[in-house]
Amino acid sequence: MRKTKNYMVQTLFAILLSLTFLPTPAAAGATPASKYPVGRVSDLFTLRENAVDPIEYLNQGWSDEIRQKFYFTSQGSYLFPYSWFRALELADDTALFAAPQNLAKYGWIFSKPGALNPDDLPIGFAIEKAEMPGAGKWLGITCAACHTANVKYRNVLIRVDGAPTMADFGLFLDELSRTMLANHPAVNLVKFKRFATRVIGAGATEAQITNLKNLYLAYSVRFSGRAWMRTPPTHAGPGRVDALTQITNSLAVFDLGVPDNLHPPAAPTSYPFLWLTPRLDWVQWNPIAGNPIARNAGEVLGVFGEVNLGQDPAAKYTSSIDFRNLHVLEEWVAVLKPPKWPEQHLPAIVEAKWKAGKTLFDKNCRACHNMPPFDLTKKEDNIAGKQFIKIKRVPQEVIGTDPLYVQGILGRFVNTDQLAPDFGGAPIVPALQFFTSTVGRAVERGFKDMNLTPAEVLAYSGYRFYPKVSPADPNEKLRPYTPPSLSDLKGGPLLGIWATGPFLHNGSVPNLYQLLSAPEQRDKVFWVGDNELDVDNLGFTSIEKPGLFRFDTNVPGNRNSGHAYPTQPYTHDEKMSVIEYLKDPERF
């Protein structure tokens, strides 16, 4: 019964996707000639296609070795069979979808090829350890894909590790789905045969091609559904994704197999920056995550990781998540420093203006945005005496920003289906409860299967536990940190903020000058996707250019209201002074 149910779910998604992504005329017949020959995939990527400007790296505490490992260490994401990904043709051409110049158009950025990246993949695209039966290694996406950026000033290209990317994940998934459909044997058999030749080789037999065709048919249903339920009704644009909704969809719809649980990802948020993350007491835009292994496990599930939710009782809560690699990645992030304002490439900071800005910031902003010297939690509140940087919780209705994100968290519920016994028999539970419980149980199962010691469990969990009430009682369980409110938004440190625009949780304000202005004075429409720094207003240039995304703040979820601080509005000169300070709060 369960297999039938899952098949019906996947088939429903495939039908919906096929109605949305109809093949183009070019896909139905002959395709234009390409400079790429038909041959083994390994023969097609011998030359780097996307020559870029020389990149300047900042001193953020990483060696080049750690940087490369962070970029390409796998996490347990099953995005697409790797050999297939590299063999797909574009929908309207015989050129390859995976060609670097095509992937670059989605905003993905590249690093130098190396042992971990032999085929010149974008940063954050990793070859997984696991294989899809009959298709070879999986290609996965890691946190580096969405948390690595290039910023530009005049003719200088600067790498900022841990900064939010300007990549358009939604557009990438959309077009990968279209590409898979265009190469489908039922849509274009000529394309599919070229695809088969690249995957299998020029000497492929009919039996091999038939076997590949059957695998392709089965996987196209699976991938189309998984991609479709991550597709927002309104395009989010570069640098944004409704991660919490997508992860819950992955768990409650695909892994659980309940189509009624589908919820549109309609409240996209900007990718946060990574530096300082392991040191904060709470993270996420609504501060609900403290435990780093659970936070990162959820991230894996959002980028095509999988967890068994009861279809096989013996494997219940097993998952594709690579917990050991996640722990190592978190250790690397722990030493990542905020990016200093690079005065060797950008205009020098004016000390007098900086000091005036610091005075204004300390008076009007520091109460919500903890800055050095940081206000820390108490040692006695932690099981290992650890201290964390305090963040400020501000109720959404107080800060007045777009409410759709918080409303989506509070207003969503999940049918627990066969997992009801794990929720005390409740057939319906709040989505956030379902999310935290299933991810938590997947983490517990992973720890159990790895035979971690209690000390290792604490380390993997970032020591996010309160002390025992009775230290002498060995049976008393540790008490994990639990968030006090689900309707709050996070105010945190702003080190390195110069490289992280646009601003507010939904990326609805293009620069800090406008954020320091009254909401009615902010642009209602601007353009996103340019990585050219606006060093005066502190953000990125946001004028209309080919290839950029038009951000309309009138769209629900995109509102640029709220954060009307300070209550006594700044003058122009005061705004410029605060901006000068925020370029590098530790400069003087």
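A residue is called buried when its relative accessible area is under 20%, exposed when it is over 50%, and partly exposed in between, using a 1.4 Å probe and protein chains only. The model is predicted, so local features need pLDDT of at least 70 and side-chain atom pairs count only at pLDDT 80 or more, whereas totals for chains, interfaces and linings use all residues. Residues are numbered from 1 along each chain as its sequence is written, and side-chain values use heavy atoms, with hydrogens and water left out.

**Exercise 1. Backbone exceptions**

Task: Decide whether Tyr317 is buried or exposed, and describe its phi.

Solution. Begin with the location: Tyr317 lies in the loop between H11 and H12, where helices (H or I, at least four residues) and strands (E, at least two) are DSSP runs numbered from the N terminus. Next, apply the accessibility cut-off: Tyr317 has a relative accessible area of 6%, and is therefore buried. Then turn to the backbone, where Tyr317 has a positive phi of about 70° although it is not a glycine. For background, most residues other than glycine have a negative phi, and most peptide bonds are trans. Leu538, in the loop between strand E16 (533–534) and strand E17 (539–540), also has a positive phi, near 65°, and Leu538 is buried at a relative accessible area of 1%. Finally, check the peptide bonds: the one from Gly501 to Pro502 is cis, with omega near -5°, and a cis bond also joins Tyr565 and Pro566, with omega about -5°.

**Exercise 2. The span of a helix**

Task: Test whether the length of helix H12 (residues 323–334) agrees with its number of residues, and state what covers its buried residues.

Solution. The expected span of a helix is 1.5 Å times one less than its number of residues. For the twelve residues of H12 this gives 16 Å, and because the end C-alpha atoms are 16 Å apart, the two values agree. Going on to burial, the buried residues of H12 are Phe323, Asn325, Leu326, His327, Leu329, Glu330, Trp332 and Val333. The elements covering them, by contact (heavy atoms within 4.5 Å), include helix H3 (64–72), strand E3 (125–132), helix H11 (292–302), helix H16 (431–450) and helix H17 (454–460).

**Exercise 3. Following aromatic rings**

Task: Classify the ring pair of Phe192 and Phe195, then the pair of Phe195 and Tyr216.

Solution. Rings of Phe, Tyr and Trp (its six-membered ring) pair if their centres lie within 6.5 Å, and planes under 30 degrees apart count as stacked, over 60 as edge-to-face and the rest as tilted. The structure holds 32 aromatic pairs. In one of them, the rings of Phe192 and Phe195 have centres 5.7 Å apart and planes at 35°, so this pair is tilted. Phe192 and Phe195 are three residues apart in helix H8 (residues 189–200), and are therefore separated by about one helical turn. Phe195 is buried, with a relative accessible area of 0%. The rings of Phe195 and Tyr216 have centres 5.2 Å apart and planes at 75°, so the pair is edge-to-face. This pair links distant parts of the chain, since Phe195 is in helix H8 and Tyr216 in helix H9 (residues 206–228), 21 residues apart.

**Exercise 4. Cores**

Task: Find which residues have the most contacts inside the largest nonpolar core, and which element gives the most to this core.

Solution. A nonpolar core is a set of buried Ala, Val, Leu, Ile, Met, Phe, Trp, Tyr and Cys residues joined through side-chain atoms within 4.5 Å. The largest has 106 residues, and those with the most contacts inside it are Phe70, Val160, Phe434, Trp498 and Leu582. H16 gives the most to this core, with nine residues. Apart from this core lies another, of 46 residues, among them Leu79, Phe125, Phe192 and Tyr216. Returning to Phe70, its contacts beyond four places in sequence include Leu329, Trp332 and Val333, which are among the buried residues of H12.

**Exercise 5. A three-strand sheet**

Task: Establish the strand order of the open sheet of three strands, and which strands stand at its edges.

Solution. Two strands pair if DSSP finds at least two bridges between them. The order is E2-E4-E3, with antiparallel pairing. Strand E2 (80–81) and E3 stand at the edges, each with a single partner strand, so one side of each is left without a neighbour in the sheet. Two bridges join E2 to strand E4 (residues 136–141), and Pro81 stands opposite Trp138 in E4.
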